[in-house]
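Student: Could you walk me through a few backbone details and the words people use for them?
Tutor: Sure, let's put it on the screen.
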Amino acid sequence: MLVYLSLGSNIDREHNIRSGLDALAAAFDRVQISPVYESEAVGFDGEAFLNLVARIDTALPVGALAERLREIEAAHGRVRGQKKFSSRTLDIDVLTYGDAVGVIDGVELPRDEILKHAFVLQPLADLAPDERHPVLGKTYTALLAEKDFSRQALWQIPFPWPLPGPHTG
């Protein structure tokens, strides 16, 4: 199944994003990533976040995928049960799972943050410009063009991954 994931971190950002991507590459086939963006914290006072979208292929059902992602987050020091808007070592959310729609195994699909936050929709449109939102049927490029994210500061940063050398997975 083709799945899009949102990744974010504002604690030891470069390390946690890179290590999280390495963990995804070890667990799933054909990981591809969008450009990486830096954005101000939303909903609380905190350090700026690094955000991106990754595309993976998986045969795991939604619930098992969500559990595997929680394991990767936990391995990076993510503590569950914190306030929704707070600092994160690593946050990985399922944005879409093929064309699935609804709450499946406790996961809302497609994730509503796609339409709410520039730091989700911009990298999704970069990675999958012609893919269509499973509910709205519009491409992510078209959805981005319709949104006014002028109050959500976002800037692309260089972020090579994987790093060359024997240490990459």
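Tutor: What follows is a short chat about some peptide bonds and a couple of exposed residues.

Tutor: This is a predicted model, where local features need pLDDT of at least 70, side-chain atom pairs count only at pLDDT 80 or more, and totals for chains, interfaces and linings use all residues. Residues are numbered from 1 along each chain as its sequence is written, and side-chain values use heavy atoms, with hydrogens and water left out.

Student: Why is Asp12 called exposed?
Tutor: Exposed means over 50% relative accessible area (buried is under 20%, partly exposed in between; 1.4 Å probe, protein chains only). Asp12 has 51% relative accessibility, so it counts as exposed.

Student: Where is Asp12?
Tutor: Asp12 is in the loop between strand S1 (2-9) and helix H1 (13-27). Helices (H or I, at least four residues) and strands (E, at least two) are DSSP runs, numbered from the N terminus. Phi of Asp12 is near 45 degrees, a positive value in a residue other than glycine.

Student: What makes Arg30 exposed?
Tutor: Arg30 has a relative accessible area of 64%, so the exposed label fits. Arg30 belongs to strand S2 (residues 29-33), and its phi, near 45 degrees, is positive although Arg30 isn't glycine.

Student: Which residues does a cis peptide bond join?
Tutor: One such bond joins Leu109 and Pro110, with omega about -15 degrees. Pro110 sits in the loop between strand S7 (107-109) and helix H3 (113-116). The bond from Trp161 to Pro162 is cis too, with omega near -5 degrees, and Pro162 lies in the segment after strand S8 (154-157).
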